[in-house]
Amino acid sequence: MEINIAKDYTKTPGGRFAKEGPFSGEDFRNKILLPAFEKAKSQNEKLVVVLDGGFGYAVSFLEEAFGGLVRQTEDPSVRNIEIISEEDETFKTKVYKYIDDAIKEL
Amino acid sequence: MKKIRVSRKPWIVAHAKKGVQKRVKLHKTRRKRRRNKEPESNKSSSKKWTVVAPQRLSLTGNCEETLEYFAEVLETIQSCDNGDQIYFDFQKIKYISSDAIMYIIALITNAKKINECSIRCSGNLPTDPKARDTLEMSGFYKFVQHKNSPVSSVNDRLQISSGKDIDSPLVGAICEYVQKVSGTPCDTNGLYSIIIELMTNTAQHAYHSEDDIMDNNWYIFAQNSKDYIRFVFLDTGVGIPKTIKKRLGERFRGLVDELTAYNAYNGDASYIESALKGEERTETNQPYRGQGLPEVYEVACGERISEMLVMSGRGKCRIGADGLISNYSLSTEFVGTLFTWKFMKKRSD
């Protein structure tokens, strides 16, 4: 199961919280990421998230989306999500760091 | 009762009427005299305040004198009463930079008192033709009249935009503009990330309460040059030094500074540096927060961004090409936070 953020959500991701503006990490997580994660888990499928194709990402967006997913589900299997970011490898590194840090806080 | 002779009766009545008429006439005359004695100023209570700008108005090029001027503008705004006017005398200006233009706009449009007290702002143009051209080309007058201007710029050189929230579609449009004027394809991921983080900081931290004297807007501006595009981002909030978490010793030293009105140990600049380096300065106290300014710093040390300057409170930090942060103390407080940087059209080696 694949999510391509630029195609399925927006090419202009915003900040952390929905109250601060459109296309926030919180909004993305609630509308797209969480339902896909739960569906993939129930069907025993791997979830792939593609970060390429947009204008870029603020770290606040990525942390709230992925780190926030760990805090919301309290499920360490969020770590199994495959992140693809060929345009900028640092996004992939950062997402896994946020997931790992959030799992440590569980 | 005394008998009134008939012949005198009409005279008495006439005399009585005449007396009334005389009294009315006297009252009118006295009222006219009173009106004529009133001085001109009492007829209308509004006052006109004039603030004269220095010859070089630039936060980056003539910092201290420019800060003193802006402090005077703020003080004037706070001193105004209902219906007063503020006249911005720009005649003497020979050089004005983009950051100064932005800050004047921010002061005029953000100061709550200007709207609450219906204070009228007006001004003149610089006599110097270059300075006049810079002001006009920046869209300054258009912005002050209409409170916004589209991202597609005047003469493809200068742009001013403002907002309250995180406007990611605007940032996307800015990146498209950068791609267009750069000529060759360039990586704007870092630029995108910086601007979103700065908008986030303004939205989350810059304005704390309804008692703040400033409205909670950010402003962004881009000026295209041959080899680079200069960006200015600012807000008029409480500033980074006041919003970051302080350690115990710093709180004590900060109190001493506040009481003595003297930034003795370069505290504000040190706080800015510490926030940029990610030394656990988030006021939220949550371990996963406070990533924004470190991200800005990381991108500023990269190949595309050059000469980043941060000014907030009484501190100023310059980020060098090698990532080294130089700190400076300001003798006059800068109200708000300013970031300015160059986006290089070609990667710097």
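Student: How many salt bridges does the structure hold over all chains, and what makes a pair count as one?

Tutor: This predicted model holds 17 salt bridges over all chains, where a salt bridge is a side-chain nitrogen of Lys or Arg within 4 Å of a carboxyl oxygen of Asp or Glu. Residues are numbered from 1 along each chain as its sequence is written, and chains are lettered from A in the order in which they are written. Local features need pLDDT of at least 70, side-chain atom pairs count only at pLDDT 80 or more, totals for chains, interfaces and linings use all residues, and side-chain values use heavy atoms, with hydrogens and water left out.

Student: Why is the pair Glu64(A) and Arg29(A) called a salt bridge?

Tutor: The side chains of Glu64(A) and Arg29(A) meet at 2.8 Å, N to O, and this is within 4 Å, so the pair fits the definition. Because Glu64(A) lies in helix 3 of chain A and Arg29(A) in helix 2 (residues 25–42) of chain A, the pair ties together parts that are 35 residues apart in sequence; helices here are DSSP runs (H or I, at least four residues), numbered from the N terminus.

Student: What makes Glu298(B) and Lys94(A) a salt bridge as well?

Tutor: Their side chains meet at 3.8 Å, N to O, which is again within 4 Å, so this pair also qualifies. The count between chain A and chain B is 2 salt bridges.

Student: Which elements give two or more residues to the side of chain A that touches chain B?

Tutor: They are helix 3 (59–73) and helix 4 (89–104) of chain A, and the largest share, 4 residues, comes from helix 3.

Student: How do you know how many residues take part in the contact?

Tutor: Contact means heavy atoms within 4.5 Å, and the contact takes 25 residues from chain A and 22 residues from chain B.

Student: What is the area buried between chain A and chain B?

Tutor: That area is about 1900 Å², of which carbon and sulfur atoms give 55%; buried area is the accessible area (1.4 Å probe) that two parts lose on being put together, summed over both. In chain A, Glu20(A), Phe55(A) and Val59(A) lose the most area to chain B, together 33% of what that side buries.
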